[in-house]
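Biologist: Could you pick one spot in this chain and give it a close look for me? Then walk me outwards from there, so I can find my way around.

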Amino acid sequence: MSFFDNRIYREASHDNGFSGNNIDRQSEQRPDNCLDAALANPAARIYLFSGDRPLLADDGGTQSPLFTQSAARGREANEASLILLGFEGGEPRLAAQAAIREEDQQDDDPIRAVDLRALAVQGLVAPNHLGAIAQARSLLHWHANHRFCARCGAESRMVGGGIKRHCPACEKEHFPRVDPVSIMLAIDGDNCVLGRSPHFLPGMYSCLAGFIEQGETIEDAVRREVQEEAGIMIGRVAYHSSQPWPFPSSLMIGCHAEAVSTEIAPDEDELEDCRWFSRDEVRLMLAGNHPDGLITPPRMAIANRIISAYAEAD
Ligand SMILES: [Zn+2]
């Protein structure tokens, strides 16, 4: 008899975009020469980025985000940005910035830079690549934006193939961070709360969300966010799933939240609209059949999965 046998145990996170990362990071085994050793392996492959946009090569109809070292050199990969993500099936997986400028790209170029959200929404690459690309994008961004020691201001250097940075002046080590965000669906029986930010696509409504603050549990953050953004009081909070969100380095933590009050007072600084939706209306939105053309975020987004789990529940 296992401890887990008495629990409903299904990882809903597997259905969220950017999950499915198979890379073995080997974080505890990162000698100083691990980048050189990885590059000496002819099976090494590199995820390349132009700014925030991953590069895809059209490989005779299939889209590949992995480049050989010679292909990376052909794209002027920036060696100083090179990081070791880890190993997949024993083969090194790395990431680097490429120097190409999109305005220099030719129409017939088989390699193109794509928007990372579009990559996930359109399913252009296999799920395991999406997870690795999320890891790569977050790490490249962190190194590019943490070049100097936050304690003493001296220039720090990347060590362990990018697993951390070290300050040679004060010996402080700096580790890449992940920023937890709570995202939640407030529910009162057959009704739930959805809101709309001004930057959303026309007609789109989604879950409320916000960064978890210092000294807060996930549940406390859910209760605070719903109260701040919608004026609704929350009782019980149930975890649903999580999603790496590489814009640049968030972890979305999705929950269902039990409303114990119903009067809405939207935060007009953050939300263009916020209101109760019936479960039937939400079902129409998910199916793309809403009479007013209202929609939810796409299926790869954790918000869609949280809303669907409620809409599909008995
Ligand atoms: Zn320092």
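**A proline in a loop, and what lies around the chain**

Modeller: Start at Pro248, which sits in the loop between strand E14 (234-245) and strand E15 (250-259). Bear in mind that you're looking at a predicted model. The bond to look at is the one between Phe247 and Pro248: this peptide bond is cis, with omega at about 0 degrees. Most peptide bonds are trans, and most residues other than glycine have a negative phi. That second habit gets broken too, at Phe18, whose phi is positive, near 70 degrees, though this residue isn't a glycine. You'll find Phe18 in the segment before helix H1 (34-39).

Now zoom out. The domain assignment splits the protein chain into domain 1 (12-145), domain 2 (147-176) and domain 3 (179-311), and by those bounds our Pro248 loop falls in domain 3.

Also in domain 3 are helix H6 (residues 279-287) and helix H7 (residues 302-311). Their axes are 10 Å apart and they pack at an angle of about 130 degrees, so H6 and H7 are oblique to each other. Their crossing is left-handed. If you want to click on the residues that make the contact, H6 brings Arg279, Val282, Arg283 and Leu286, while H7 brings Ile307, Ser308 and Ala311. By type, the H6–H7 contact has four nonpolar residues, one polar and two charged.

Next, how domain 3 meets domain 1. The C-alpha centres of domain 1 and domain 3 are 31 Å apart, and the contact draws on 16 residues from domain 1 and 14 residues from domain 3. On the side of domain 1 that touches domain 3, helix H3 (116-122) and helix H4 (127-145) each put in at least two residues. H4 has the largest share of that side, with six residues. The residues on that side of domain 1 sort into seven nonpolar, seven polar and two charged.

Last stop: domain 2, residues 147-176. Look there for an open sheet of three strands, ordered E8-E9-E10 with antiparallel pairing. Strand E8 (157-159) and strand E10 (173-174) are the edge strands, each pairing on one side only. E8 runs antiparallel to strand E9 (residues 164-166), and three bridges join them. For a landmark on that pair, go to Met158, which stands opposite Arg165 in E9.

Methods: Residues numbered from 1 in each chain as written. Predicted model: local features only at pLDDT ≥ 70, side-chain atom pairs only at ≥ 80, totals over all residues. Domains from an automatic or database assignment. Contact = placed C-beta atoms within 7 Å. Helix = DSSP H or I, 4+ residues; strand = E, 2+ residues; numbered from the N terminus. Nonpolar A, V, L, I, M, F, W, Y, C, P; charged D, E, K, R; others polar. Pairing = 2+ DSSP bridges. Axes fitted to C-alpha atoms, helices over the stretch in contact; angles between N-to-C directions. Parallel < 35°, antiparallel > 145°, perpendicular 65-115°, else oblique. Left-handed = near helix turned anticlockwise from the far one by under 90°.
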